[in-house]
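Please open the model in your viewer and keep the sequence panel beside it. The tour below moves from one selection to the next and says what is found at each stop.

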Amino acid sequence: MSIEKELHKAHVAIIHVLLFRPDARFAELQKASKLSSDHFNFYLKQLLDDELIVKNASGAYGLTPKGKEFANRFDTDARTVERQPKVAVCLMIMRDDGKQLVQQRLKQPFYGYWGRPTGKIRWGETILQAAARELKEETGLEADLAFESIYHKMDFNKETGDMLEDKIFFIVTCTNLRGDLITEFEGGRNAWMTQAEYAGQELSFESTNDNFKNQDKVATIKIVESRHEYDPKHY
């Protein structure tokens, strides 16, 4: 099972205790859960099986590195795992004739919409690594890549006002294109269009980009990506 998808109040109680101390014994964790020993042991074992906690040599329980990363997204007031914006790359692919590569989504959500190729940044990837992978997977092309800017896009239901999606895009320009374009793939199709052709599509993300395109750029946005190593016992 996935603990994150089926978080029980006993899981929450254990994680909450271990957030604020290096380790805790069975009796301390059980007391926080307010469950009988048998019931509590069932949920404790699930956390052990999911490798979110570990029992140390002294018999106490503590968070594993995986558990600490999970707990790092834990809202200690609401006692729930926080939802966070999706982080992705958005590829700006231009030809010398002024046409740009756009992509029609043939999967949910936003089925049928035209937009620029995008893709989630995977765990441990740099921005440009993610951009190169997505470019190759979805278009068959390679290119010279350069980070341009950041675009925060929030989507709402216009009838209810409820948020549908929250996304942060790293805009990456792709120049000096190489390879043969994949026109259709599972989940979408690619096409070269002028700006007018793109904006004229019945379903297009183009109108949502007006604020992004027209904003005053008063300063150059700088992105720094770095790698750091820590002793696991100090994490």
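Helices (H or I, at least four residues) and strands (E, at least two) are DSSP runs, numbered from the N terminus. This is a predicted model, in which local features need pLDDT of at least 70 and side-chain atom pairs count only at pLDDT 80 or more, while totals for chains, interfaces and linings use all residues. Residues are numbered from 1 along each chain as its sequence is written, and side-chain values use heavy atoms, with hydrogens and water left out.

Begin with the whole protein chain, which holds seven helices and 12 strands. Of its 235 residues, 37% count as buried, where buried means under 20% relative accessible area, exposed over 50%, and partly exposed in between (1.4 Å probe, protein chains only).

Next, select helix H5, residues 127–139, whose 13 residues reach 18 Å from the first C-alpha to the last. That is close to the 18 Å expected at 1.5 Å a residue, the expected span being 1.5 Å times one less than the number of residues. Colour the buried residues of H5, which are Ile127, Ala130, Ala131, Arg133, Glu134, Leu135, Glu138 and Thr139. An α-helix has 3.6 residues a turn, so residues three or four places apart point the same way. Just after H5 comes Gly140, with a positive phi near 80°.

Now show the largest nonpolar core, a set of buried Ala, Val, Leu, Ile, Met, Phe, Trp, Tyr and Cys residues joined through side-chain atoms within 4.5 Å. Among its 21 residues, Ile14, Leu18, Leu29, Phe40, Leu44 and Ile53 touch the most other members. Helix H1 (9–19), helix H3 (37–49), strand E2 (61–63) and helix H4 (65–71) each supply at least two residues of this core, and H1 gives the most, with six. Centre the view on Phe40: apart from neighbours within four places in sequence, Phe40 is in contact (heavy atoms within 4.5 Å) with Ile14, Phe26, Leu29, Gln30, Ser33 and Leu35. A second, separate core of 13 residues includes Leu101, Phe170, Val172 and Cys174.

Turn then to the open sheet of four strands, ordered E7-E6-E12-E11 with antiparallel pairing; two strands pair if DSSP finds at least two bridges between them. Strands E7 (114–115) and E11 (184–185) stand at the edges, each with a single partner strand, so one side of each has no neighbour in the sheet. Strand E6 (residues 100–105) pairs with E7 over two bridges, and Gln103 stands opposite Gly115 in E7.

Follow the chain into the loop between E6 and E7, where Pro109 lies. The peptide bond from Gln108 to Pro109 is cis, with omega near -5°. Phe110 is found in that loop too, and its phi is positive, near 60°. Most residues other than glycine have a negative phi, and most peptide bonds are trans. At 24% relative accessibility, Phe110 counts as partly exposed.

Another residue with a positive phi is Asn176, near 55°, which is found in strand E10 (residues 163–178).

Finish at Ser204: is this residue buried or exposed? Ser204 counts as buried because its relative accessibility is 11%, and it is found in the loop between helix H6 (195–199) and helix H7 (210–214). Not counting residues up to four places away in sequence, Ser204 touches Tyr113, Trp114 and Tyr198. A polar atom of the Ser204 side chain lies 3.5 Å from the backbone oxygen of Tyr198.

Terms used: Polar contact = N/O pair within 3.5 Å; in protein donor to acceptor, adjacent residues only side chain to side chain.
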